[in-house]
Amino acid sequence: MRAAVYERTGPAAEVLRVTDVPRPDPGPGEVRVRVQASGINPTDVKSRGGLTPRPIDGFQIPHQDGAGVIDAVGPGVPADRVGQPVWVWMAAAGRRWGTAAEWTVVPERQAVPLPAGVSPELGASLGVPAVTAHHCVFADGPVQGATVLVAGGAGAVGHFAVEFANWGGAAQVIATVSGPAKAQLAKEAGASHVVNYTEPDAAEQILSAAGGPVDRVIEVALGANLALDLAVSRPGTVVVSYAAEATDPVLPVRACMTANIVLRFMLLYRVPAAALEQAGADIAAALTAGALTELPVHRFALDEIVAAQEAVERGTGGKVLVIPG
């Protein structure tokens with residue numbers, strides 16, 4: 001099968017190539033998926049670049065997320081899963097068979113059925129960002145009636161966080177962005193109010209829109225935004241941080257103590273299995289309800305894998321997908 005691979009970490013143009021590798025067969029408890037779309041996330045380019053190095057078993061096919069159709073199952077997997085459209089998550093976590101290939105093999109639970117009418121493009125956009133967003137929104141309990149602030153509401157995680165908060169019954173979902181184009185994306189995702197965080201009165205705008213302090217903050221840049229988060233929080237507000245910045249921030253401990261907020265940190269690769277299973281079930285329910293939508297898609301052919309990964313590194317908005325076929 002044709003696949004994008006790298007044998008060592010480094011710049012995309014230096015280490016990525018497209019070649020033929022043996023098509024994998026599913027082992028016990030595994031399924032093989034004919035990949036229709038492969039989604040790229042920042043974690044994928046960081047791994048390939050060596051920022052989050054992991055052992056390479058001869059070669060590594062990149063990308064955790066994808067969508068396609070199951071075409072073979074291993075021992076212990078019901079035969080009726082063959083032919084089932086699925087979305088795939090964490091395909092390359094501790095495994096060589098990422099989704100930037102014509103086929104991938106994953107444990108059965110990591111190939112989740114796609115409801116009828118859901119496109120492979122949306123399916124391939126789920127995975128890392130949707131599961132991350134789900135955990136950030138619901139790790140501290142239901143958000144029914146709560147006011148949720150989503151920093152970076154136009155990004156992939158922010159997009160799904162806005163949609164999950166609405167799906168979960170939040171009274172208000174406020175998003176912060178850096179400009180008009182991103183504001184439009186956040187509004188389309190369902191944010192009731194959108195605030196440009198670069199404006200000097202951003203805190204006042206958030207408090208006015210919320211009618212007071214917020215209950216939850218989904219935070220993409222804790223160091224850059226913590227002062228704003230503290231300004232719109234109350235005792236007991238939960239701030240969930242899911243991304244690392246280039247430089248570790250200095251935590252203003254006294255200010256956090258005075259605010260009596262709760263800081264939660266999460267890394268998807270260490271989220272407990274039960275929470276991942278719940279995320280998968282809730283994503284399926286939200287998809288069926290039509291509550292999750294696509295960001296603007298940028299498609300690349302498999303032979304354009306270098307350009308695709310470089311687009312993610314440049315911070316291209318929307319979702320970058322590789323189409324293997």
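This briefing covers the nonpolar cores, one helix pair, one buried helix face and two single residues of a predicted model. Local features need pLDDT of at least 70 and side-chain atom pairs count only at pLDDT 80 or more, while totals for chains, interfaces and linings use all residues. Residues are numbered from 1 along each chain as its sequence is written, and side-chain values use heavy atoms, with hydrogens and water left out.

**Nonpolar cores**

- The largest nonpolar core (buried Ala, Val, Leu, Ile, Met, Phe, Trp, Tyr and Cys residues joined through side-chain atoms within 4.5 Å) has 52 residues. Trp 87, Leu 126, Phe 164, Ile 283 and Leu 287 touch the most other members.
- Elements that give two or more residues to this core include α4 (127-138), α5 (156-167) and α10 (273-288); helices (H or I, at least four residues) and strands (E, at least two) are DSSP runs numbered from the N terminus. Helix α4 gives the most, with seven residues.
- Ile 283 is in contact (heavy atoms within 4.5 Å) with Trp 87, Leu 126, Ala 130, Val 131, Phe 164 and Leu 292, not counting residues up to four places away in sequence.
- Another core, of 25 residues, lies apart from the largest one; Ala 4, Ile 61, Ala 100 and Val 322 are among its members.

**Helices α4 and α5**

- The axes of α4 and α5 (lines fitted to C-alpha atoms over the stretch in contact, with angles from 0 to 180 degrees between N-to-C directions) come within 8 Å and cross at roughly 50°.
- The two helices, α4 and α5, are therefore oblique to each other, as angles under 35 degrees count as roughly parallel, over 145 as roughly antiparallel, 65 to 115 as roughly perpendicular and the rest as oblique.
- Contact residues include Ala 130 and His 134 of α4, and Phe 160 and Phe 164 of α5.

**Helix α8**

- In α8 (residues 222-231), Leu 222, Asn 225, Leu 226, Leu 228, Asp 229 and Leu 230 are buried; buried means under 20% relative accessible area, exposed over 50% and partly exposed in between, with a 1.4 Å probe and protein chains only.
- The cover over these buried residues includes β8, α7 (202-210), β11 (216-219), β12, α9 (253-259) and β13 (262-265).

**Two single residues**

- Thr 176 lies in strand β9 and is buried, with a relative accessible area of 4%. Its contacts include Leu 149, Val 195, Tyr 197 and Ile 206.
- Glu 188 is in helix α6 and counts as exposed, because its relative accessibility is 55%. Its C-alpha atom is separated by 9.4 Å from that of Ala 154, 34 residues apart along the chain.
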